[in-house]
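Subject: Structure for your review

Dear colleague,

Please find the structure below, handed over for your use. My findings follow directly after it.

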Amino acid sequence: MDFRLTDDQLALRRGTRELLEGRTGGMPPRGGLDRALWRALGDAGLFALALPEAEGGVGLGLPEAVLVFEEAGRLLLPGPLAASWLAAGRLGVPGAADGTSVVTALDAGDGVPVEHLAAADRLLVLEGGAGAQARLARPEELCAAPVRSVDPLTPLHRVSGRTGAAAVPGAAAVPGADVALLRREGALLTAAQQLGSAGRTVELAVAHARVREQFGQPIGSFQAVKHLCAGMLERVETARSVVYAAALTENEDETAAAKLLADEAAVRGARDCIQVYGGLGFTWEADVHLHLKRAWLRAEQWQNTVTCEESLAAAI
Amino acid sequence: MELGDTAEEAEFRHALRAWLAGALPALPPAPDPEDWPARRAYDMEWQRALYDAGYAGLHWPRDAGGQGAPPGRHLIFLEETERAGAPYVGAGFVGLLHAGPTIAAEGTAAQRARWLPPILRGEEVWCQGFSEPDAGSDLAALRTRAVPDGNGDYVVTGSKIWTSHAQVADWCELLVRTDPQAPRHRGITWLALPMDAPGVTVRPLRTLAGTEEFAEVFLDEVRVPAANRVGAEDDGWRVTLVTLSFERGTAFAGEVVACRRLLRELAATARSSGRWEDAVLRRRLGRLHAEFTALWRLVQWNVSEAGHTGRQRCTGAPGPGAPGMGVPGTGVPGAGASVFKLRYSHARQELYDAAAEVLGPDGALDAAADWTAGRLSSLAYTIAAGTSQIQRNIVAERVLGLPKGR
């Protein structure tokens, strides 16, 4: 056992951070899904990370994907990243790997609105339990109405019905695309984004607490504020260890634990960061609310708290 | 990132399992928890068996009589012994996990030769004399005085409190004040106190669980030879920090495995009693499953970090999001150990609170039930070895770099 990141993994993380910060200026992109950025991510190999090199991929595994998605989550990169990654790496959807095609997902079982439907080129339909195969449909085959999304950077559509292939059970199934595997990997990559966001909100809170002065001293010197920040880090580091472990073990229970704890680290981290920011945290101008809103959204996608807790209970 | 066993680790695990399968049935029945001499004898016998089989001091350096195994090996040991239902370290705790590692790191060759082998062989029991009635979380406020008598000995007067195993200990790792004029962290010295020295009085204290788990130790002009000083005079605070980080880093690792077993027992009880139909309770147990899964990974993470750093002082705090939680360059579990200790102690309390919900009033209010005893004992976890509040200060100041203050 050696749980540490390898030099290659550290370099991958560093390189991803540089790429993303270079393209976004280090701020959450305010304009929603940016197709040029999506292409750049494709060129950099983000979607093809786990594809074998012979198929034009990078030939790396889930642990590397998790590190990259953590960086994406840190910057609140908008878009259906997990669905597009699965489409490229697990389903071989043309155009998904190089970022020319954006793929979003409908998980029919959980009633979560579909993200970025209008911008998507293809739609991954996940339904059924063990042994079911994922299906690939066209976004326009959904009867869907826009929802006023709580996350201003993630447009959502509520689905009321389906037409065409999307409406026919078993139609357009992708051979070998096991729904359970896709759900598990989608949950893990979403957990990785939550982890990145949670790590970022600790940084923001700590940076603010160091310079903001009240009562003649930095507010970070008060234990009430310190303990909020320590709690944030505790949740991040606990979530990190199980997210990375789940990438290695590919175990269903461990993935549920990763999603549960990463969701909690992201949601509570963003809330505590808003608290440390005070009045500033309640403004639209500060980016912190974007972390909370994205965290709320991601917490509902690819296994929410109830699903995770119930499956973890069943596995005891 | 690699969580699986290496070939050497797999071989070690296999051999240990085989040995445990043979050794455990030969153990005598567990002693009465109130019978301290019997507890000591039982724990020492187990330690002797480990020593004879080559499993004593796995993670201690070779020149300290240990096996010099990487920390990962020690983790496998904790995992496998717990799985097999082997005895805990018990009365050997302070010697094996606090005092021994400290002497190994800071002691002279003669001191190592005198004190380390009896710890490994299960012949001598140590206790810890750190806290005082007026020096708890603020340990550096300790006032027990040691005055050089001019002939090379110290004369020690004061009192210590919350001292586990004091009733049956041979030695006490004792923190004393040698320079009352110096800044308070600088005038402290680490001494090995023989518990049978004239002037040492032990008064057992009853815990809220009703048992005499710890004691008060009174020291009235006790003579301690200067040869019993580990580290330089007035340098005891630094020597102590080594011990404390060992305590927080590795002491609870095996218990995480135990908690996973307890959770399985609890779920089985809930399933057979019908309590499992309560979705709120079921989800509470599901969350605990996530919690102990993550805590074990956190242990592995910390141990991986600690296993690959040298034994140097901490030179800088990593920022948030830094991959390492062990303090880089220290060779001992660092502030990451505080994160673990913080999380684990609360998770353990939550486990016993959930157990009370599973058992219902009939079980939860019966002080004779194991679960109730465990629930009471778990209250110590957020207090002992640094309260949760102190751990949060450590995380905030040493890891996150927030300014010191109130």
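B:Arg184 is partly exposed, with a relative accessibility of 38%. In this predicted model, B:Arg184 forms a salt bridge with B:Asp138, and the closest N and O atoms of the pair are 2.7 Å apart. B:Arg184 lies in the loop between strand E4 (171-177) and strand E5 (188-194) of chain B, while B:Asp138 lies in the loop between E1 and E2 of chain B, so the salt bridge ties together parts that are 46 residues apart in sequence. B:Asp138 also counts as partly exposed, at 36% relative accessibility.

A second salt bridge in chain B joins the side chains of B:Glu132 and B:Lys160, at 2.9 Å from N to O. Here B:Glu132 sits in the loop between strand E1 (126-129) and strand E2 (145-148) of chain B, and B:Lys160 in strand E3 (residues 153-164), so this pair connects parts that are 28 residues apart in sequence. B:Glu132 is buried because its relative accessible area is 7%, under the 20% cut-off. B:Lys160 is likewise buried, at 1% relative accessibility.

Strand E3 of chain B also holds B:Ser159. This serine counts as buried, with 17% relative accessibility. Leaving aside residues up to four places away in sequence, B:Ser159 touches B:Ser131, B:Glu132, B:Pro133, B:Thr144, B:Val217 and B:Phe218. B:Glu132, one of these contacts, is the salt-bridge partner of B:Lys160.

Chain B further contains a network of salt bridges that links B:Asp5, B:Arg13, B:Arg17, B:Glu79, B:Glu80 and B:Arg83. Over all chains, a search of the whole structure finds 57 salt bridges.

In chain A, the side chains of A:Arg90 and A:Glu185 meet in a salt bridge, with 2.6 Å between N and O. The two residues are 95 apart, and the pair links distant parts of the chain: A:Arg90 is in the loop between helix H4 (81-89) and strand E1 (103-107), and A:Glu185 is in helix H6 of chain A. The partners differ in burial: A:Arg90 counts as partly exposed, at 31% relative accessibility, whereas A:Glu185 counts as buried, at 2%.

I turn next to the interface. Which residues does the contact draw on, and how many come from chain A and from chain B? Chain A contributes 52 residues and chain B contributes 55 residues. The area buried between chain A and chain B is about 4,900 Å², with carbon and sulfur atoms giving 63% of that area. Seven salt bridges are counted between the two chains. In one of them, the side chains of B:Arg287 and A:Glu264 meet at 2.6 Å, N to O. Across this interface, 24 residue pairs are in polar contact, both residues being at pLDDT 80 or more.

On the side of chain A that touches chain B, at least two residues each are supplied by helix H1 (7-24), helix H3 (62-74), helix H6 (179-211), helix H7 (223-249), helix H8 (252-277) and helix H10 (305-315) of chain A. H7(A) gives the most to this side, with 17 residues. By class, the side of chain A that touches chain B has 27 nonpolar, ten polar and 15 charged residues.

Two of these helices merit some further detail. H8(A) has 26 residues and spans 37 Å from its first C-alpha to its last, close to the 38 Å expected at 1.5 Å a residue. Of the 26 residues in H8(A), 21 are buried, and the helix is thus mostly covered. At the N-terminal end, H8(A) is capped by A:Asn251, which has a side-chain oxygen 2.8 Å from the backbone nitrogen of A:Asp253. A:Gly278 follows H8(A) and has a positive phi, near 70 degrees.

Helix H1 of chain A includes A:Thr16. A:Thr16 is buried, with a relative accessible area of 9%. Not counting residues up to four places away in sequence, A:Thr16 touches A:Val68 and A:Glu71.

With kind regards

Key
Residues numbered from 1 in each chain as written. Chains lettered and ligands numbered in written order. Heavy atoms only, no water. Contact = heavy atoms within 4.5 Å. Buried area = accessible area lost by both parts, 1.4 Å probe. Salt bridge = Lys/Arg side-chain N within 4 Å of Asp/Glu carboxyl O. Polar contact = N/O pair within 3.5 Å; in protein donor to acceptor, adjacent residues only side chain to side chain. Helix = DSSP H or I, 4+ residues; strand = E, 2+ residues; numbered from the N terminus. Nonpolar A, V, L, I, M, F, W, Y, C, P; charged D, E, K, R; others polar. Expected span 1.5 Å × (residues − 1). Buried < 20%, exposed > 50% of the residue type's maximum accessible area, 1.4 Å probe, protein only.
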